[in-house]
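Trainee: I should like to go through the helix packing and the internal cavities of this protein, and to learn how each descriptive term is justified.

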Amino acid sequence: MASVHESLYFNPMMTNGVVHANVFGIKDWVTPYKIAVLVLLNEMGRTGEGAVSLLERRRLNQLLLPLLQGPDITLSKLYKLIEESCPQLANSVQIRIKLMAEGELKDMEQFFDDLSDSFSGTEPEVHKTSVVGLFLRHMILAYSKLSFSQVFKLYTALQQYFQSGEKKAVEDADMELTSREEGERKMEKEELDVSVREEEVSCSGPLSQKQAEFFLSQQASLLKNDETKALTPASLQKELNNLLKFNPDFAEAHYLSYLNNLRVQDVFSSTHSLLHYFDRLILTGAESKSNGEEGYGRSLRYAALNLAALHCRFGHYQQAELALQEAIRIAQESNDHVCLQHCLSWLYVLGQKRSDSYVLLEHSVKKAVHFGLPYLASLGIQSLVQQRAFAGKTANKLMDALKDSDLLHWKHSLSELIDISIAQKTAIWRLYGRSTMALQQAQMLLSMNSLESVNGGVQQNNTESFAVALCHLAELHAEQGCFAAASEVLKHLKERFPPNSQHAQLWMLCDQKIQFDRAMNDGKFHLADSLVTGITALNSMEGVYRKAVVLQAQNQMTEAHKLLQKLLTHCQKMKNTEMVISVLLSVAELYWRSSSPTIALPVLLQALALSKEYRLQYLASETVLNLAFAQLILGIPEQALSLLHMAIEPVLADGAILDKGRAMFLVAKCQVASAASYEPPKKAEALEAAIENLNEAKNYFAKVDCKERIRDVVYFQARLYHTLGKTQERNRCAMLFRQLHQELPSHGVPLINHL
């Protein structure tokens, strides 16, 4: 956000006991809170070095800057902050303020007269040009400009400030005495803390220029990096409206209002605030620089560019394109190459579904490097990598490109883009089916300390890239059957990104998908069906696919087939290859469950060709498993077994637990089918090997609590033990099958036709 321009000032007025002594050259005024801070500074100067330990003095020095720059806070809150740093000094400040507030007006007059002594002597307590020195001089000057009536009002306000602080302290003491249970006491304390935070901004009426600058920059940084620590949308808007009531031409307040409205997806109010922001900038720029790189023309073209970005965010692509054309026209007239580069990047965003969009992107990267715009160049490289990943380029080339962009990030300390790059690598490794590498990248991002420390000591850890990495981590743990760990990650996501935050949709979709998979594993299809609505609201394509999966599990083959065909057409049009392959695999499964395995073969071959073309290794392995199963149904188990040996290694290395179990179960089925023509000794050996594989498959299914598949495994084991003459083992498996079969009644599908 740009710095607050010099024309900002407030009209002299009296609001909530605050004297506004804003005579044209003065951009600050005296308030009861600032008198309390002055008392603190005075006491720090009077206290000898031996009376306060080095650690306490260091804490006090760290406390001073937010006290000087921040908004006015209640007296009880101020006492609490000082007491946490130095209890001895807190007591001295409290006594000094009490004497001044319960004394006479001349006590306050004498206090301000004595402040000037801080600068006197050969070795003054405070240097005039230091932060504290400038604050003292501003306060002395603002106080000296007050009329007698304003001084009297200030003293009255100081008395009210002190009385409200004392009343608050009494209430706190009563609350602590009356609270009985530890849980109640904790809850009351939390409620008290919340109310104090709300009062920090609103207790003193309008802010001074410096306080407004600090407040706006702090809230803007929090909205970008850690939205949970910013004021709530309603509270922030209330403060901004209060700020704009006293100074409607405060451009930066309008811009923060625009960012705040984006949080709640309010398109009308965000557009309104954005236009007001640039209106104020244009008025300010026209007074000083009306042409060239600054001023009127610059504000107009960036206004159009920001409007295009806003429309694009809300999906209004036609309006975005019109605004972007206007920005390009004005930028070309002004010969503004930087603005044109931004326009070129947004042109790619608007037209990225076109086949020739990569040409725009490559041109954008080259131009950004030429004009020395590392941020735009890096974003362009990241977009190019993403596009080429979807186009099926090899992983080594993509990682080389990301390595080049990482060099830019480290060279220019672009910490936000470092996070995005690692999150991108996580997503690429998952796309290619390398779950171990994806897990490593996600953990690397989470363990990284941000290079950019923002105001208030907040680290840049609540950005979209962290949300993406945590969602990948939750899904990877759920795939391995670690549902407790996945729940912990999701719980952390919900705390870090509350439901009203802009990145909450990421974990919401992740949570719904994990719940859906668990419900399907448990055979609770009615529960899975109820989750489809939530998934569709967050991702329509994913929701339709999951609905088809549920219909297929419920043996509603005709409805499932119609839905899958519509989805296949849509995915092919949208060029979503990953979803196309998943849909083709579901269609093939539908065919063999309908006793038509021969029709499934060309569908599976089409899916395999796409997987190989786009280098989606894991989907290719899954397709080969399905091909092997089709061959088993067609009565050629030897070929199925040879196919399995080719595809099973990637599945066991990087696959989900459920897929590992399916693969081992299929191997056992093929071994049994192949052993039909063997000699008795060799056949017995093959059946023993099949039983071992079935045990392994059962362990995998047990990890994800997939009772339906465990039932199929124990049924198969019972048949094999019966063939081998092992009665005790057969009876144990038969009893387990009976229990599971009563709990999960069969849906009428032959066991051999279920992969």
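The exchange below takes up three helix pairs and then the cavities of this predicted model.

Trainee: Why is helix H24 called roughly antiparallel to helix H25?

Mentor: The axes of H24 (residues 525–538) and H25 (residues 540–553) cross at roughly 165° and come within 7 Å. Angles over 145 degrees count as roughly antiparallel, so H24 is roughly antiparallel to H25. The crossing of H24 past H25 is left-handed.

Trainee: Which residues of H24 and H25 make the contact?

Mentor: From H24 come Phe525, Ala528, Asp529, Val532, Ile535, Thr536 and Leu538. H25 contributes Ser540, Glu542, Gly543, Val544, Arg546, Lys547, Val550 and Ala553. By class, the contact of H24 with H25 comprises eight nonpolar, three polar and four charged residues.

Trainee: What makes H1 and H6 oblique to each other?

Mentor: Helix H1 (residues 32–46) and helix H6 (residues 131–144) pack at an angle of about 130°. Angles over 145 degrees count as roughly antiparallel and 65 to 115 as roughly perpendicular, the rest being oblique if not under 35. H1 and H6 are therefore oblique to each other. Their axes lie 11 Å apart, and the crossing is left-handed.

Trainee: How is the contact between H1 and H6 composed by class?

Mentor: Lys34, Val37, Leu38 and Leu41 of H1 meet Val132, Phe135, Leu136 and Met139 of H6. These divide into seven nonpolar, no polar and one charged. Lys counts as charged, and Lys34 is part of this contact.

Trainee: How do you know that H21 and H23 are roughly parallel to each other?

Mentor: The axes of H21 (residues 464–479) and H23 (residues 504–521) cross at roughly 5° and come within 9 Å. Angles under 35 degrees count as roughly parallel, and H21 and H23 are therefore roughly parallel to each other. The contact is made by Glu464, Ala467, Val468, Cys471, Ala474, Glu475 and Ala478 of H21 with Leu506, Trp507, Cys510, Lys513 and Ile514 of H23. This contact of H21 with H23 has nine nonpolar, no polar and three charged residues.

Trainee: How many cavities of 30 Å³ or more are counted, and what lines the largest cavity?

Mentor: The count comes to three cavities of 30 Å³ or more. The largest cavity has a volume of about 50 Å³. Its lining is formed by Leu223, Lys224, Asn225, Asp226, Glu227, Asn462, Phe497, Ser501, Gln502 and His503.

Trainee: How does the lining of the largest cavity divide by class?

Mentor: The lining of the largest cavity has two nonpolar, five polar and three charged residues.

Conventions:
Residues are numbered from 1 along each chain as its sequence is written. This is a predicted model: local features need pLDDT of at least 70, side-chain atom pairs count only at pLDDT 80 or more; totals for chains, interfaces and linings use all residues. Side-chain values use heavy atoms; hydrogens and water are left out. Axes are lines fitted to C-alpha atoms, for helices over the stretch in contact, and angles run from 0 to 180 degrees between N-to-C directions. Helices (H or I, at least four residues) and strands (E, at least two) are DSSP runs, numbered from the N terminus. A crossing is left-handed if the near helix is turned anticlockwise from the far one by less than a right angle, and right-handed if clockwise. Contact means heavy atoms within 4.5 Å. On a 1 Å grid over the protein atoms alone, a cavity is a set of points where a 1.4 Å probe fits but cannot get out, and a pocket is an open set with protein on both sides within 12 Å along at least five of seven lines; lining residues have an atom within 4 Å of a point. Grid points are joined across faces, edges and corners, and a volume is the space filled by probe spheres set on the points.
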